[in-house]
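Here are a few friendly notes to go with the model you shared. Have a look at it first, then read on.

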Amino acid sequence: MNKLWKGRTDGDMDALADAFNSSISFDQRMYEEDITGSIAHAKMLSKQGIIAKEDCEAIVNGLKGILADLKSGALPVDESAEDIHMFVEAELTKRIGDAGKRLHTARSRNDQVALDFKMYCRTEIDEIVANMKELTQTTADTAAKYKTTIMPGYTHLQRAQPVTFGHHLLAYCQMFLRDISRLLDTKRRLNISPIGSCALAGTTYDTDRMYEAKQLGFYDISLNSMDGVSDRDFAVELLSDIALVMTHLSRLSEEFILWSSWEFHFIELSDKYTTGSSIMPQKKNPDMAELVRGKTGRVYGDLIGLLTVLKGLPLAYNKDMQEDKEGVFDAVDTVNMAIKVFTGMIGTMKVCEENMLNAAKRGFINATDLADYLVRKGMPFRSAYKISGELVNWCIENNHVLENVPLNEYKKRSDLFDDDVYEAIDLKTCVEKRISAGGPGAASIERQLDYVKEKLGEI
């Protein structure tokens, strides 16, 4: 394909250099944004009298035809084109003649690509948010189903205090809601149009940038033309948001991997989201969760890669910035697939409630409640803590749990102990007594579920 920038040079590039310079292999996925932006640009040029009305009509109709043909597959993308912008412009000129050559008036590929990329990221944010909403709702629904299912809560991966499975899952709902909020904040900040910044210094034509921006759904225009073409903060923000989504999914992946092992056996993942072994017939591997955990590192690499590209660039546009897209495309594809897979895993998993309860009983996770029992009867907490620890040690040595320690053993350590100690340290009581806001008690769980429902309804 002839180079549209031929003039200052003869356009006859070395074949390897031409391939190295080309971005059509990956930026073609922005064809719809490129054509939509070009239609708005043509309408602005016509409105301002910069191009004739009939040329505008020919351009718009030609672009709509190209868009339809690309969507249907009737028009294949020419891989010899330098980028998607050059391909569309060349195809337009081939279809409508000289009128197509007027489309690029009062713009540069620099502001054109910045526009396309922003529009692409804006669209992808909407898709990620929609997928995150479904994941959050599925997680909340599962939490509601198991809101009274007692399990051990952990610190340092050691059994710590009793919670419920619903409470545990609702912690992830809070993470997911923050993820959604960050994505929407990024969308708000990126929704400023760079088009009209041209190469870096604007244009001598009497353009109406705000008119063009409004047609494309932007609420404002960039106020500095050099920033307009060189800004990629929005891409870094999006990658950062996606990296945090993947962080949260990776943490949940780790828990699913642990919980589905025979050592825990708290959950059993559906066959639809597991694989077998090529040699060990008993195996049921949580490969989807492991892949999410692994792909999180890949997304981190996309973020670090873009930050590294940008860190030494002088203003305004530099060809290095062609490296801004592949990482974003990869991260977007990865996170959307990971979210959808996780939604399916959560919605189809089997929860082994009895195993969770048995693990809670064996972990002395009511030891703090035992100390609190003595505190409520007037003993200083540090003294109560010491007695509770001594009783745990006695249980370990004598193969007991706190719930079946004989009352006389309790009374050897304090006269404050009475028959009511057994009710006080029952695991269900321990959970229900945690009445502080945000805790695992029934009232708190209901408030958390209502909160998730309210927030999802606002999106």
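**Notes on the model**

1. Leaving aside neighbours within four places in sequence, aspartate 34 is in contact (heavy atoms within 4.5 Å) with Ile84, His85, Val88, Gln112 and Asp116. This is a predicted model, in which local features need pLDDT of at least 70, side-chain atom pairs count only at pLDDT 80 or more, and totals for chains, interfaces and linings use all residues. Residues are numbered from 1 along each chain as its sequence is written, and side-chain values use heavy atoms, with hydrogens and water left out.

2. Aspartate 34 is buried (under 20% relative accessible area, with exposed over 50% and partly exposed in between; 1.4 Å probe, protein chains only) and has no salt bridge (a side-chain nitrogen of Lys or Arg within 4 Å of a carboxyl oxygen of Asp or Glu). Arginine 107, the nearest side chain of opposite charge (Lys and Arg count as positive, Asp and Glu as negative; His and the chain ends are not counted), is 5.7 Å away.

3. Elsewhere, the structure holds 28 salt bridges. In one of them, aspartate 69 and arginine 95 have their closest N and O atoms 2.8 Å apart. Both also belong to a salt-bridge network with Glu91 and Lys94.

4. Glutamate 82 forms a salt bridge with arginine 109, at 3.1 Å between the closest N and O atoms. Glutamate 82 is buried at 6% relative accessible area, whereas arginine 109 is partly exposed at 23%.

5. Arginine 189 meets glutamate 237 in a salt bridge of 2.7 Å, N to O. Arginine 189 is partly exposed, with a relative accessible area of 40%.
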